[in-house]
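These are my notebook entries on a predicted model. I set out to look up a metal site and then a contact between chains.

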Amino acid sequence: MIHQVSCVNLPVDEQMRIQKVRTMPETSGPNTPRLCVVTGTHGDELEGQYVCYELTRRLREHPELLTGIVDIYPALNPLGIDSITRGVPGFDLDMNRVFPGNQDGALTEYAASEIVRDIEGADVCIDVHASNIFLREIPQVRVSEITAKKLIPYAKELNCDFIWVHASATVLQSTLAHTLNSRGVPTLVVEMGVGMRITREYGDQLLAGIFRLMHKLGAWQGEPPEVRKPIVSTDGRVAFLNAPTLGMFVPTAMHWERLHKGDKIGEIINPLTGEGVPIFSPVDGLLFTLREYPLVYEGSLLARMLATEEVAK
Amino acid sequence: MIRDTLFTLGSLYRDDLRVTGYRFGSGEKAACIVGAMRGNEVQQMYVASQLVRELRALEAQGRVVPGKEILVVPSVNHFSMNIGKRFWSLDNTDINRMFPGYDQSETTQRIAAKLFEHVSGYKLGMQFASFYMPGDFLPHVKMMDLGYQSAELGKQFGLPYVILRTPRPYDSTTLNYNWQVWETTAFSVYSTATDDIDERSARESVEAVLRFLDAQGVLNMGLMPQGEPSTVITEDHLPAVHAPASGVYRRFMHPGDRVRRGQVICEILHPLEGEVIERVKSPVDGRVFFAHHSPLVSERAVIYKIITED
Ligand SMILES: [Zn+2]
């Protein structure tokens, strides 16, 4: 059943609605587990759309196996999704920098606070992101150092390849995940794929993980899918490769390929001068982030590697 | 005056981005002023450019105190200004959310790092800032309330209000926050407009900065018009009036206007039928600090901030 989470009148004859679809088990009580899946905070990220659709479809296919409540929020930033705008159109506000929001705030702050209010009390929340239009990511769960101990056991169920335990930056305190985690809802941020695209294979991979996690929560009585064992790493093993020059980046290595230090990843070409600069792997490791959008300035991120050993900062 | 290209950034098909600094006087790094960091901050660039013009004349008259150096950076992101974008042209990131920056990271992180390298180390830092909501302000000075600095200093600008802001998590990456962390006393100077040029408020901002630099012993202005007595207000104590409906917005009051409780301060009209659907009344006796400026309004938008006056 579709519910309205937040609704605000826009200037001319339109309501900005944030909606969710709730799937209920045949019987439920006060102890029935609840799982939330949210996506679409960034309007240019669409990978979660397939996950939402397919999750609802599979739940409806076997209602007899569902023993928990599943709330799916496919578009936290509906205006952004409609207009291929990462932030909230009109204000250029990053929706993931306004949480926990404010009941008395303007449009975005109010919507954020309604979202939090609606999710609070859930047993787990999965926040699906799709990188941005520039970078392609292997399915991964990102958790901050302060939440790692609590979240890693859940993250391991999600059938992702990699769990990135990152430093807890102050600025990230305004995210949905931080807000929910600090209010007692274990919230897992999944990053996968690339902006403006849907990668079905990644969606199916994550779905297996979601059913596995639901089984663990007692929300799904079907056979729990087998999941892959993720690599868990802190920032210490993540090597960043930024463009040394400007131009168009053309990759030659494959995403998630294992590379040795000095192996070629691609080239930055200059169509005007006819010059090209080869780009090499800085470490031995796995190529988990690879640039998708060719145009680069000096500094644009080309790749991130999960190094075999700790990398010097 | 010394004109310096502080740094450049190359682009595949566009001209280089050149960030220019103007230095006045020499010696101790006394004061640094940064103008536009976003592509829509035309007023902020304009104010800084007028300040460059004034300082150039003042320097020629020997009014920069010997042993003091002032640096003005009028514009950082004209790459976006030239193409009508607010944030960084390629990836839409905000340079003023990248400080202190990192010279081995993404492009806007590098821009922030290069800028910060040039603008840090000054005793005083001022930025001509803008707000994300469409609207006009009463000119004011904003300071991060980090507990260890005196709001009294802000009064020396002679603008009607000094606003103290409790830093939020997302403030931690702004220029002003990082100036403070690295021991520059930092101020955000807000003038009335952003996307348009407002001459009167630009002049006020320039005068306010000159007055402040005079009070701080960086300039020796001689006779200087007195500013307004400043009132210090905590940002959380600025009561906001929210739009009770959405539609076409008809504004009656402007920043600085005094309003009475119950006075109609704006109307909201049905966007398709033209009838007035809401007459919004001031909840307090006070002075308009912020007024929404756009022909349209969404429900719940902040349309006014009114400072209560006794
Ligand atoms: Zn995202």
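Entry 1, the metal site. I looked up the angles at the zinc ion and found that its four donor atoms subtend 56 to 147°, which makes the arrangement irregular. For four donors to count as tetrahedral, all angles would have to lie between 85 and 135 degrees. I then listed the protein donors: H42(A) and H129(A) each give ND1, and E45(A) appears twice with OE. These atoms lie 2.0 to 2.5 Å from the zinc ion. I noted the spacing of the donor residues in sequence as H-x2-E-x83-H. I placed H42(A) in the loop between β3 (34-39) and α1 (47-61) of chain A, and H129(A) in strand β5 (residues 124-129) of chain A, so the pair ties together parts that are 87 residues apart in sequence.

Entry 2, the contact between the chains. I recorded 38 residues from chain A and 37 residues from chain B in the contact. Together the two chains bury about 3,000 Å², with 60% of it on carbon and sulfur atoms. L12(B), L90(B) and R300(B) supply 23% of the area that chain B buries against chain A, more than any other three residues.

Entry 3, polar links across the interface. How many salt bridges does the rule find between chain B and chain A? I found one: R110(B) pairs with E298(A), and their closest N and O atoms are 3.3 Å apart. I also counted ten residue pairs in polar contact between the chains.

Entry 4, the side of chain B that touches chain A. By class, I noted 17 nonpolar, 13 polar and seven charged residues there.

Technical notes:
Residues are numbered from 1 along each chain as its sequence is written. Chains are lettered from A and ligands numbered from 1 in the order in which they are written. This is a predicted model: local features need pLDDT of at least 70, side-chain atom pairs count only at pLDDT 80 or more; totals for chains, interfaces and linings use all residues. Side-chain values use heavy atoms; hydrogens and water are left out. Contact means heavy atoms within 4.5 Å. Buried area is the accessible area (1.4 Å probe) that two parts lose on being put together, summed over both. A salt bridge is a side-chain nitrogen of Lys or Arg within 4 Å of a carboxyl oxygen of Asp or Glu. A polar contact is a pair of N or O atoms within 3.5 Å; within protein, one must be able to donate a hydrogen and the other to accept it, and residues adjacent in sequence count only if both atoms are side-chain atoms. Ala, Val, Leu, Ile, Met, Phe, Trp, Tyr, Cys and Pro count as nonpolar, Asp, Glu, Lys and Arg as charged, and the others, Gly among them, as polar. Donors are N, O and S atoms within 2.8 Å of the metal (3.2 Å for Na, K and Ca); water is not among the atoms, so sites may look incomplete. Four donors count as tetrahedral if all angles lie between 85 and 135 degrees; four count as square planar and six as octahedral if opposite donors are over 155 degrees apart and all others between 65 and 115; anything else is irregular. Helices (H or I, at least four residues) and strands (E, at least two) are DSSP runs, numbered from the N terminus.
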